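Me: Could you take a close look at one part of this protein for me, the salt bridges and the polar surroundings of one serine? Plain talk is fine.

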Amino acid sequence: MKKGFYLLQVCSRSVSFGGYPIVLTGEIATMSDTHGSSVVGFASAIPENYFRDWIARRFFRVKSDRNGRVFRAPYGLAKVEAALLAHGYTRNDVIIADPYKLDKVIGPNTRIIGIYAMDPLGGLSYGSGILYWILKLADLPYRGLPYIAKSFFQVINHPAIKKHRNHVKIVVGGPPAGWQIIDTGKQGELGIDIVYEGEFEEDGPQLFDKLMKGEFVPNRVVAHRPVPVDMVPTIVTPPSIGGMVEVTRGGCGRGGCQFCTPTLSGMIRSFPFEGHIDKEIKLNIEVGGFKEITLHSEEFFRYGAKGIEPNPDKVLDLTKKAYKLVKPTEMIMK
Ligand code: SF4
């Protein structure tokens, strides 16, 4: 994998002039590693009146090569890239791009721009909602959008996208895509062709095939079922921001929140340690140079459980094995 990665990086230089057929990117705030701290990333909920543009650009930095390929990707986007590569696309076809450098990666060859969003309209998510009330109670001014939403608009209105708009389809995905963009009736106004909801690995690549061929695709696509564990490839871009490694998928199974697409899938799955979790931990540490790993789950204590009751042995086993790989660096459980 290491060899392949560097070889493909070299190849990528030759295609960037005409643009990549598939450009994956996201809100600037989501694409940023916020100087290595996921916790600091919550600052993206701060409204834009606290961030002058030059401050925001330094704070929400994105590290990438001169062709615009990021060195670190949000985990969800790294999974989308991995699924497309496993489906047969190559890194000459697909790039996870620095949102500050879209002019380097979008061109006449580009057909799909996939935008990963966490809070595209702002003020509607957990983080920005809490911050709104904190500032209000502290009697501090709140003007404009949370920075994360502002950064979504900076991407979707980027001149490179506008310039090539007549031959690209804009696909927006991510946890809030359905309830923020469709349920608010904003899809048309924002110029988004397709909103994708749900897991990507099974339906997503086929959707992208259709878009590449110019075939009709409805403006809202909902993944039809939870993806079996063995169909989920491991990430290729190392490290994922925050050293994220997914250990379960399918929500917490407890909350029943109506907007929660993972839980609504109704099928919690645990990824095997050997050959999957260990591979992503090693990739993040050994190839990506990361020193911390975040084991991600909507309900960590249900790792390996068959029903709602936790299986302590499985959780301990996972923790010990992961710690062994990370040691002597730190491991955070989230
Ligand atoms: S994971 Fe559980 S608590 Fe979180 S949003 Fe989904 S249903 Fe709600």
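Reply: Here is a walk through the serine first and the charged pairs after that. A word on the source: this is a predicted model, where local features need pLDDT of at least 70 and side-chain atom pairs count only at pLDDT 80 or more, while totals for chains, interfaces and linings use all residues. Residues are numbered from 1 along each chain as its sequence is written, and side-chain values use heavy atoms, with hydrogens and water left out.

Let's start with S64. You'll find S64 in the loop between α3 (53–59) and α4 (75–87); helices here are DSSP runs of H or I with at least four residues, strands are E runs of at least two, and both are numbered from the N terminus. S64 is buried, at 14% relative accessible area (buried is under 20%, exposed is over 50%, partly exposed is in between, with a 1.4 Å probe and protein chains only). The S64 side chain makes a polar contact with the D98 side chain at 2.6 Å and another with the K101 side chain at 3.0 Å. A polar contact is a pair of N or O atoms within 3.5 Å; within protein, one must be able to donate a hydrogen and the other to accept it, and residues adjacent in sequence count only if both atoms are side-chain atoms. Skip the neighbours within four places in sequence, and S64 is in contact (heavy atoms within 4.5 Å) with R69, V70, F71, D98 and K101.

Now the charged pairs. Side chains of opposite charge can pair when their charged atoms come close. The whole structure has 17 salt bridges, each being a side-chain nitrogen of Lys or Arg within 4 Å of a carboxyl oxygen of Asp or Glu.

One of them joins K186 and E189, 3.8 Å from N to O. K186 is partly exposed at 30%, and E189 is exposed at 62%.

Another salt bridge joins E197 and R220, at 2.5 Å from N to O. E197 belongs to strand β5 (residues 194–197) and R220 to strand β6 (residues 220–222), so this pair ties together parts 23 residues apart in sequence. E197 is buried at 10%, whereas R220 is partly exposed at 34%.

Then there's E201 with R249, whose closest N and O atoms are 2.8 Å apart. This pair links distant parts of the chain, 48 residues apart: E201 is in the loop between β5 and α11 (204–212), and R249 is in strand β8 (residues 248–249). E201 is buried at 8%, and R249 is buried at 10%. E201 and R249 also belong to a salt-bridge network with E199, E246 and R269.
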